[in-house]
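Trainee: I am new to this structure and would like a close look at a single part of it, with enough of the surroundings to place that part. Could you take me through it slowly?

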Amino acid sequence: MHLPLYATLIIIHIAMDDRLQGDLIHGLLIASFVMMLIMIPLSIVNAALTAASALKGNDPTKPTMVAKLSLIPWYALNLVIGFVFVSIFFNPFMMIAIPLVIALLVASTYLLMLSTSVGNIAYAVHSIRKGGVKASVLVGVVFSFIFGLDVIGAIILYKESKKLSEQAQTDASAADLQ
């Protein structure tokens with residue numbers, strides 16, 4: 001999604017024909033915008049399918065944890081791109097828009113982060129209904145709503161899920177022996 005923006009940052013510093021450079025930058029910005037627009041329905045579909053699967057009892061904690069860990073570099077680069085985008089507005093006539101731009105960037109990033117947390121939240125709700133409330137599961141769910149801590153929450157929920165599946169296997173083995 002950000003690759004065209006990174007290419008734009010590189011092309012800006014390459015000496016070439018101004019018209020070609022302008023056309024390339026324009027095309028790359030449009031490509032980035034289109035990819036960002038595609039990300040919205042993909043995130044919604046991902047959240048809906050993951051939540052539906054988790055409420056049926058399927059365990060999404062491991063894929064969610066892997067996704068959150070692999071998205072750390074993307075969020076770091078997203079911060080850099082956001083900084084560059086906000087710095088464009090450091091013009092006396094455009095400074096009034098900076099709070100709005102920051103609000104839009106933060107809101108969109110938070111919604112993308114939240115879309116990967118929905119599966120874990122639904123699975124935690126499902127497991128709480130089945131087996132009662134555990135403090136670690138509640139902490140994991142609360143962390144799922146806080147940017148940065150959502151990765152730790154995903155790890156906590158994965159560990160708890162692993163414990164529950166091991167306990168269920170042990171209980172099933174004990175029941176088979178009797």
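Which residues line the largest cavity?

Mentor: Please keep in mind throughout that this is a predicted model. The lining of the largest cavity is made up of Y123, A124, S127, V137, L157, E160, S161 and L164. Two elements, α5 (98–131) and α7 (149–177), each give two or more residues to that lining, and α7 supplies the largest share of it, with four residues. Sorted by class, the residues around the cavity are five nonpolar, two polar and one charged. The space they enclose comes to about 40 Å³, and the structure holds one cavity of 30 Å³ or more.

To place this part in the whole, it helps to step back to the chain. The chain has seven helices and zero strands, so that, read from the N terminus, the order of its elements is α-α-α-α-α-α-α. Its radius of gyration is 22 Å, well over the 16 Å that the globule rule gives for 178 residues, and the chain is therefore more spread out than a compact globule. Along the principal axes, the C-alpha trace spans about 80 × 30 × 25 Å.

From the cavity we can follow α5 to one of its partners, helix α2 (residues 18–55), since the axes of α2 and α5 come within 8 Å and cross at roughly 10°. An angle under 35 degrees counts as roughly parallel, and these two helices are therefore roughly parallel to each other. On the α2 side the contact is made by M39, S43, N46, A47, T50, A51, A54 and L55, while α5 brings L112, S115, T116, V118, G119, A122, Y123 and H126. Taken by class, this contact has nine nonpolar, seven polar and no charged residues. Y123 of α5 belongs to this contact and also appears in the lining of the cavity.

The two helices meet again in the lining of the largest pocket, to which α1 (3–11), α2, α4 (72–88) and α5 each supply at least two residues. Here α2 gives the most, with ten residues. The pocket has a volume of about 940 Å³, and of the 30 residues that line it, the closest to its centre are H2, F33, M36, L105 and S108. Its lining has 21 nonpolar, nine polar and no charged residues, whereas the lining of the cavity includes one charged residue.

Note on methods: Residues are numbered from 1 along each chain as its sequence is written. This is a predicted model: local features need pLDDT of at least 70, side-chain atom pairs count only at pLDDT 80 or more; totals for chains, interfaces and linings use all residues. Side-chain values use heavy atoms; hydrogens and water are left out. On a 1 Å grid over the protein atoms alone, a cavity is a set of points where a 1.4 Å probe fits but cannot get out, and a pocket is an open set with protein on both sides within 12 Å along at least five of seven lines; lining residues have an atom within 4 Å of a point. Grid points are joined across faces, edges and corners, and a volume is the space filled by probe spheres set on the points. Ala, Val, Leu, Ile, Met, Phe, Trp, Tyr, Cys and Pro count as nonpolar, Asp, Glu, Lys and Arg as charged, and the others, Gly among them, as polar. Axes are lines fitted to C-alpha atoms, for helices over the stretch in contact, and angles run from 0 to 180 degrees between N-to-C directions. Angles under 35 degrees count as roughly parallel, over 145 as roughly antiparallel, 65 to 115 as roughly perpendicular and the rest as oblique. Contact means heavy atoms within 4.5 Å. The radius of gyration is taken over C-alpha atoms; the globule rule is 2.2 Å times the number of residues to the power 0.38.
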